[in-house]
Amino acid sequence: MEFKRKNKTQLLSKIATNDRHGENSPYFDGWKAYDNNSFHPTQNPNGVIQMGLAENKLCFDLIKKWIMENPEASICTAGGVDKFKDVAIFQDYHGLKEFREAIAKFMGRVGGNKVIFDANRIVMSSGATGANEKIMFCLADPGDTFLVPSPYYPGFARDLRWRTGLEIVPVDCKSSNNFRITRAAMEDAYEKAQKWNLNVKGIIIANPSNPLGTTLDIATMRSLVAFVNEKNIHLVCDEIYAATVFDSPRFVSVAEVIQDMDCCNRDLIHIVYSLSKDMGIPGFRVGIVYSFNDDVMLCARKMSSFGLVSSQTQYLLASMLSDDGFVGNFLRESSKRLAKRHYVFTKGLEQVGISCLTSNAGLFFWMDMRPLLKEQSFEGEIELWRVILNEVKLNVSPGSSFQCFEPGWFRVCFANMDDETVEVALNRIRAFVLDRENQESNRSKLCWRKKHLRLSSSSTRLYDETIMSPCMISPHSPLVRAKT
Amino acid sequence: MAAISKIATGNGHGENSAYFDGWKAYETNPFHPTDRPDGVIQMGLAENQLCFDFIEKWLMEHPEASICTAEGVSKFKETALFQDYHGIPEFRQAVAKFMGKVRGDRVKFDPDRIVMSGGATGAHEMVAFCLADPGEAFLVPTPYYPGFDRDLRWRTGVELVPVVCDSANDFKVTIDSLQSAYHKAQEANIKIKGLLITNPSNPLGTFKDKDTLKNIINFVNEKNIHLIGDEIYAATVFMEPEFVSISEVIEEVECNRDLIHIVYSLSKDMGFPGFRVGIVYSYNDTVTSCARKMSSFGLVSSQTQHLIATMLSNDEFIDNFVAESRERLFKRHKYFTWTLSQIGICSLKSNAGLFIWMDLRKLLKEKTFEAEMDLWRVIIDEVKLNVSPGSSFHCHEPGWFRVCFANMDDYSMEIALSRIRNFMVKNNETMVPPRNKLCRRTSLKLSLSRSLSRKMDDFIMSPSIMSPQSPLVQART
């Protein structure tokens, strides 16, 4: 029988054939380079070091110790198998009650116990990826728009837009004021959207910020809340890095801020949370939507059927996060280790004249490479990036992939490797910068270097002071071709 | 208040269906043998609870399957970090192998085509997003699983066009009915992008023979539309003939494989709905690639991938499990349908699934859906059984009910049967035919040598299982 083979793309949906999945971004190109030539201290010492993946690998020893001491947390041990059946058949989209309670308590502790989260408002999703997409489905129709302060996480382009049909308009934040989100910038973006006939439904912020590693101060938070109330649009706060805050100022959740704002319409306020960054367990796909709007909460709960957390995982985490002693110790220790790692890196870079945005959170820092650009343009940035990737052999993420308004900034992850790899990475950067400097005959660049270079011998002490983290190999990217 | 989306304010979630009303009745008064012996028995939830003892025994013998045991904790970190949307290779390989085994190893599945999703719920939505634009439609033979209304339509904007099947030919899907539905859609200016079949069928408990599948494949090729085969009940086939998968048939007919896609899950075959293991298996490379990217919205927990990878890689366990599960389903089904036939209740002849399609047309006061709902309310409120009315499955004819039998222990089953018997006697409906006269529709093929020589009471005592909780359970504080 003859059958017609029409043009393949006509057979499929527009969603399947457009590129709004976002994987053509340079953010992912670096991973591909890394996947082809991955660093290993002995097997491939000249390979690419992965500094483009925001993973938190610093505290697995604590988690593993807890697991060994609490076999009943698993439904596969003698201590827990009597729960296996109940858990395996549990598909109630409300989630295990103990899981919701434990998550609510954890979120409260991460927020410094300044606010109590209601366990009945905890709605599951498949990671923050699923949570962000879901909240968009609940709040906006295809063609509607969300404002997003730049620089922002490249995954938002996919999570917020791909299957939802929404648009994003960036709120441009600039280095001249440390990328703060100003009222003027928000108004500007809002007006721009209106001029383009776009219906703005809300603004989504990440606090702490990815890629900046900074937390929003209370004044900015209040300004945001006031802005959305005035415009009668939604505020979505992605707080997935909340427990990675390692220095002052402390983390302040939007939940805390609205407690003191009677004028705030709570139906506009929604939080996205996840354990992927704070606990370092992205594989477990624990995403949370916490909305103060009852209709949104109910809708999101029904939608969670498309991405529930595995009941096996709910059960484990319910047990773990209910252990107050463990949680307290984990949060303290994690902050401490992040602080030390951050210090080692930023100090090491400072010594070769590279500055970073002052930050107090996150698993990365925002590196200022503007002085090293051959020209102050995004082409210059990509040219420098290719050099860093191919010659220095570090996968860092160029600011343009975060929609940064200005060229020359790079996000560099620091919590996804062991101490030895940190040292190798710093040495490579040091060598590169000095080499690049030597190539320049520009007097102003030499002056700049003299101003910033501190020829102290303290760098070796920094390594001794850091906690010896367990041996970690540079990680695999999410785009890794599965090895058979 | 700022408006929320149309999706959020509409009824596309489908929860206003009668399918869920019964659950609500159950939730307020659930049966318990001692605490609440007059409560409602849940027979509206298609769960497979018959083989947990088997699985639990295997777990105790294989501590390395868990990343939380001394034997498995060395894998904890790499597993917890693993978010690659390709999935753990061993997981994909194990699932591919299991899918092959469930089809009698007559076909091999490629692990590189295994794509994860958030249960079959997530898989269906994902396939719809890949294949159709808002406003476009899929044909779906009736009666069909009520969840399709949500899974395929709610957030995608895709429509469903029913292909009416009726009892006159045991609800078989015919080419005439497909052509009729297709042309009706064309006349209404609805663009059909594909045909979705559930095979084995929910709620019928039957599966399609090879000729029917060949005809279906020819139909989709002729129309150049997609075929989605939901095969999530593949391993619940408990009686001959052997299940035939689309994957086998396409080896035998000329077919554009870019049109062929399978949805699978472990929720029914293994009894693990809580683990959210959904699979999309497409023969179309673009769809595979797109679905894989989309799976970020519903990956299987790596902790669960690790467990499943270990379990399904164990050939001996799987062979024994599949055989044991079939045996227990067969016995439960046989006892249930035989006892019903004794009290004059017939059901569609079936050999798969976790339910029967019960024929109560003769009990209707009139042949209408209103009368079906009246009867249903009586069954819920007086007989105290949550069964699912056929109208919630978009059945074209009133009077059919889906009744689940694999989600309870033997004691609950006995109570349910005695309640049905009492109801029939009370309503003078039972002719109580002599014990050796079986209802024609439930006549069993006496071909299996293993179990048929045993007496009716010689079936496996399943472990004590309480009537289960529905997905809509209000969390108790």
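I looked for salt bridges between domain 1 and domain 2 of chain B and found a count of one. The model is a predicted one. In a salt bridge of chain B, the side chain of B:K101 meets that of B:D319, with 3.0 Å from N to O.

I then checked where the two domains lie in the chain. Domain 1 of chain B takes in 18-52 and 319-425, while domain 2 covers 64-314. I noted 26 Å between their centres, taken over C-alpha atoms.

Next I went through the contacts. On the domain 1 side of chain B, 31 residues touch 36 residues of domain 2. I looked up the buried area between these two domains and got about 3,000 Å², with 63% of it from carbon and sulfur atoms. Which three residues supply more of the area that domain 1 of chain B buries against domain 2 than any other three? I wrote down B:R326, B:N351 and B:H394, which supply 22% of that area.

I also counted polar contacts between the two domains of chain B and have 16 residue pairs, both partners at pLDDT 80 or more. For the side of domain 1 that touches domain 2, I listed the elements of chain B that each supply at least two residues: α13 (315-342), β10 (355-359) and β13 (400-404). α13(B) gives the most to this side, seven residues. Sorting that side of domain 1 of chain B by class, I have 17 nonpolar, eight polar and six charged residues.

Key
Residues numbered from 1 in each chain as written. Chains lettered and ligands numbered in written order. Predicted model: local features only at pLDDT ≥ 70, side-chain atom pairs only at ≥ 80, totals over all residues. Heavy atoms only, no water. Domains from an automatic or database assignment. Contact = heavy atoms within 4.5 Å. Buried area = accessible area lost by both parts, 1.4 Å probe. Salt bridge = Lys/Arg side-chain N within 4 Å of Asp/Glu carboxyl O. Polar contact = N/O pair within 3.5 Å; in protein donor to acceptor, adjacent residues only side chain to side chain. Helix = DSSP H or I, 4+ residues; strand = E, 2+ residues; numbered from the N terminus. Nonpolar A, V, L, I, M, F, W, Y, C, P; charged D, E, K, R; others polar.
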